[in-house]
Amino acid sequence: MNEKAKKYVTMFRQVKIASAATVDAGGHPQSRIINIMIANDDGMYIVTSKGKPFYKQLTATGEIALSAMCPDCQSLKFTGRLRLADKKWVDEVFLQNPGMNEVYPGNSRYILDAFLIYEGSGEWFDLLNYPISRESFSYGGAKEEVSGYFITDDCIGCGQCTESCPQKCIAPGVPCRIDGSHCLRCGLCLEVCPVGAVAELKGH
C-alpha cells in the first residue's frame, strides 16, 4: 500500500464509525453503521455476525461501499472488495477494540467473522475550506477513481465556464483547463458552455 492510500485508510480507522452499503439478494441497496476495526498495510478489517443480513450480502457479492465524515468536515468514501479473514483476526479485533468484550463476552465472540477489505478505491473531500479540495486513492491493485469534467479541443476560449465556476478552478485558455483537485463536479461548466466543449470523465 502506498503512502497516500495508507494515509486515508488510517483516517478511516481514526474516524472508526462509517456507513457501509451493500446490495441485497433483490438488488436493493442496504446501509448500516459499522466500525472500522483494524487498518494496516493489507487494508481494512471489519466484523459482523453470521446471522445478520449484512454478513450474507458481504459473502454473496464480495463488495462493500464505505462513507465517513471526519470531525473537521472532511468526508471519505470508498468502494472495495473483501473476503473472509482467518479466525485469528477476530481475536485481534477484540485486542485492538476492547469495548467489544462487553458486547460479545467470552467465546460468544466467535459468532463473528472478520472480513478484510483487500482492495478498492476512494476519495477524500474537504468541503470546509475554499477552494474545496479532493484527492483520490486506491490500494490492492485497484485503479484510482476517475470522474468529473474536462474541456475538449472544441473549446473556443469564451470564458463562460471560467466565470461561472463556483470554485474558480477553471483556468482560461484555448482550451480552458479544469483543476480537478478543486472541482465540485457540479456540472455548471457543462451547462453554460455554448459549444459543448465540456465532457464528463467516466468513473468506475
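The questions and answers below go through a predicted model of a protein.

Local features need pLDDT of at least 70 and side-chain atom pairs pLDDT 80 or more, while totals for chains, interfaces and linings use all residues. Residues are numbered from 1 along each chain as its sequence is written, and side-chain values use heavy atoms, with hydrogens and water left out.

User: How many helices and strands are in the protein?

Analyst: Helices (H or I, at least four residues) and strands (E, at least two) are DSSP runs, numbered from the N terminus. The C-alpha atoms fill a box of roughly 70 × 35 × 25 Å along the principal axes. The protein has six helices and twelve strands.

User: What percentage of the 204 residues is buried?

Analyst: Buried means under 20% relative accessible area, exposed over 50%, and partly exposed in between, with a 1.4 Å probe and protein chains only. Among the 204 residues, the buried share is 42%.

User: Which residues of strand β1 point to the buried face?

Analyst: Strand β1 covers residues 17-23, and its side chains alternate. Ile-17, Ser-19, Ala-21 and Val-23 point to one face and are not buried. The buried ones, on the other face, are Ala-18, Ala-20 and Thr-22.

User: Which residue in β2 stands opposite Thr-22?

Analyst: Two strands pair if DSSP finds at least two bridges between them. β1 and β2 (residues 29-35) are antiparallel over seven bridges. They form a hairpin with five residues between them, and Gly-27 in the turn has a positive phi of about 80°. Opposite Thr-22 in β2 stands Gln-30.

User: What is the bridge partner of Ala-20 in β5?

Analyst: β5 spans residues 63-69 and runs antiparallel to β1, joined by three bridges. Ala-20 is also one of the buried residues of β1. Its bridge partner in β5 is Leu-66.

User: Why is Cys-176 not bonded to the closest cysteine sulfur, and how far away is that sulfur?

Analyst: A disulfide is a covalent bond between the sulfur atoms of two cysteines. Here a disulfide is counted for a pair of cysteine sulfur atoms within 2.5 Å. Cys-176 is buried, with a relative accessible area of 2%. The closest cysteine sulfur is in Cys-161, too far for a bond at 4.0 Å.

User: How many disulfides does a search of the whole structure find?

Analyst: Cys-158 is partly exposed, with a relative accessible area of 39%. Its sulfur is 6.1 Å from the closest cysteine sulfur, in Cys-193, and so too far for a bond. For the whole structure, the number of disulfides found is zero.
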